[in-house]
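Morning, everyone. Let me walk you through a structure that is new to most of you. Please take a look at the screen.

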Amino acid sequence: MKLLEIYAKMKGDINKIETELERVVMDEQPLLSEAALHLLKAGGKRIRPVFVLLGGKFGEYRLDDLKKVAVTLELIHMASLVHDDVIDDAETRRGQLTVKSKWDNRVAMYTGDYIHGQALSQIAQISNPKVHQMLSKALVEMCIGEMEQIRDFFNTEQSVRHYLLRIRRKTALLLAISTQLGGIVAGCSPQHYNALYRYGYNVGMAFQIRDDLLDLYGTEKQIGKPPGSDIRQGNITLPVILALQDITVREPLLAEIKRIHHEGSGADTRAAIEYVRSSAGSQLADELANRYIAKALTILEELPANSARKNLVEIAQFVGKRNY
């Protein structure tokens with residue numbers, strides 16, 4: 001099933017979240033509003049808000065409370081994207097100019113800070129201390145993950161274990177707390193909201209691995225940015241780490257990565273991509289993503305058999321096969 005078909009079932013509530021996102025980023029300062037709206041209008045999968053809503057369906061579904069959590073998590077994600085694009089010197093995202101490209105790095109950094117501040121103003125309306133504790137812990141871990149990625153730019157000796165810990169912090173945790181906080185705000189049992197966390201974590205790990213593969217196999221139209229962007233930016237992802245363990249391509253691939261590092265943002269990555277594709281790295285990465293999806297589907301069996309569980313199954317299956 002396509003993601004849009006899954007979302008269509010929740011169209012009314014998702015539209016309310018979209019409207020709220022637009023309202024929240026509007027400000028008296030026109031440049032902040034324009035830059036934030038530019039990012040918002042570029043779209044996105046909104047998987048975090050959807051996870052919040054679906055998590056809420058395992059308890060007492062109160063849209064007003066769930067909406068605050070959903071808007072908060074999507075804004076935090078958006079803020080991280082603006083900052084990432086500055087760090088990565090990225091020109092496009094989702095097929096649109098990034099904030100730093102349309103304006104400059106200074107506007108982008110303050111736009112990210114502004115969006116992050118608005119996120120905190122939304123979650124402040126939720127009185128449950130557990131929500132704030134879990135969110136703040138996840139934010140600290142996300143920052144550590146981002147710093148680790150910067151430290152590891154062009155580090156061709158990093159291990160698979162180190163990579164997995166990094167993407168756990170950078171990507172999987174925010175998806176994990178999306179489903180979990182939805183359950184907590186809806187008042188579901190600890191057994192259920194902990195299962196929701198583990199589901200979101202495993203889907204998040206698979207999501208990032210798929211993202212890494214798409215950077216090597218997708219087209220610019222599919223992924224909204226030039227293929228090979230990760231290698232060009234120095235982000236050594238799982239397929240590359242695994243390819244470097246293949247003695248048939250290790251030395252020429254190392255030479256290509258060194259050349260790309262030397263040439264900078266305009267470097268041609270096509271040869272490096274072909275070396276990774278010709279190795280076992282991509283297949284092994286694909287198999288690991290599939291294992292995470294299988295774990296997520298097994299965890300869902302711990303939850304009541306309702307329409308939300310069915311939707312979570314469908315989303316996991318989509319992430320396992322996604323090509324955009």
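I'll go through the core, three helices, two unusual loop residues, and then the empty spaces. One caution before we start: this is a predicted model.

Let's begin with the core. The largest nonpolar core has 100 residues. Which of them have the most contacts inside it? They are L75, I115, Y199, I209, I315 and V319. The largest share of this core comes from α5, which gives twelve residues.

Take I315 from that group. Leaving out residues up to four places away in sequence, I315 touches L3, I6, I47, V50, F51, L54 and Y199. Y199 is itself on the list of residues with the most contacts in the core.

Four of those partners, I47, V50, F51 and L54, take us to helix α4. This helix covers residues 47–56. Is α4 enclosed or open? Ten of its ten residues are buried, so α4 is largely enclosed by the rest of the structure. In order, the buried residues are I47, R48, P49, V50, F51, V52, L53, L54, G55 and G56. And what covers them? The cover includes α1 (3–8), α2, α5, α9 (160–185), α10 and α17 (307–321).

Now step back to the loop between α3 and α4. R46 sits there. Its phi is near 55 degrees, a positive value in a residue other than glycine. Most residues other than glycine have a negative phi. R46 is also buried, with a relative accessible area of 7%.

There is a second case. F154 has a positive phi of about 60 degrees, and it is not a glycine either. Look for F154 in the loop between α8 and α9. F154 counts as buried because its relative accessibility is 17%, and the cut-off is under 20%.

Next, helix α7. It runs over residues 105–123, 19 residues in total. From first C-alpha to last, α7 reaches 27 Å, close to the 27 Å expected at 1.5 Å a residue. At its start, a side-chain oxygen of D104 comes to within 3.1 Å of the backbone nitrogen of R106.

Which residues of α7 are buried? V107, A108, T111, G112, Y114, I115, Q118, A119, Q122 and I123. Their cover includes α2 (11–25), α3 (30–41), α5 (63–88), α6 (99–102) and α8 (129–151).

I115 deserves a closer look. It lies in α7. Its relative accessible area is 0%, so I115 is buried. Apart from residues up to four places away in sequence, I115 touches A36, L39, L75, M78, A79 and V82. Now pick out S33. I115 and S33 are 82 residues apart in sequence, yet their C-alpha atoms are 9.6 Å apart in space.

On to helix α8, and Q149. Q149 is buried, with a relative accessible area of 9%. What is Q149 in contact with, beyond its neighbours within four places in sequence? R166, K170 and N235. Compare Q149 with V203: 54 residues apart in sequence and 21 Å apart in space, C-alpha to C-alpha.

One more residue before the spaces. H192 is in helix α10, residues 190–217. H192 counts as buried at 17% relative accessibility. Setting aside neighbours within four places in sequence, H192 is in contact with E302, L303 and P304.

Finally, the empty spaces. Rolling a probe the size of a water molecule over the atoms shows where empty space is left. How many cavities of 30 Å³ or more does the structure hold? One. Its space is about 50 Å³. The lining is H38, L39, A42, D85, R93, R94, Q96, L97, T98 and V99. The elements that give two or more residues to that lining are α3 and β2 (96–97).

Then there is the second largest pocket. About 380 Å³ of space lies in it. The pocket is lined by 17 residues. Which lie nearest its centre? S80, H83, D84, C143 and E146. Each of α5, α7 and α8 supplies at least two residues of the lining.

To recap briefly. The largest nonpolar core takes its largest share from α5. Helix α4 is largely enclosed, since ten of its ten residues are buried. R46 and F154 each have a positive phi. Thanks, and let's open the discussion.

Terms used: Residues numbered from 1 in each chain as written. Predicted model: local features only at pLDDT ≥ 70, side-chain atom pairs only at ≥ 80, totals over all residues. Heavy atoms only, no water. Helix = DSSP H or I, 4+ residues; strand = E, 2+ residues; numbered from the N terminus. Expected span 1.5 Å × (residues − 1). Buried < 20%, exposed > 50% of the residue type's maximum accessible area, 1.4 Å probe, protein only. Contact = heavy atoms within 4.5 Å. Polar contact = N/O pair within 3.5 Å; in protein donor to acceptor, adjacent residues only side chain to side chain. Core = buried A, V, L, I, M, F, W, Y, C linked by side-chain atoms within 4.5 Å. 1 Å grid on protein atoms, 1.4 Å probe; cavity = no way out; pocket = protein on both sides within 12 Å on 5 of 7 lines; lining within 4 Å. Points joined across faces, edges and corners; volume = space filled by probe spheres on them.
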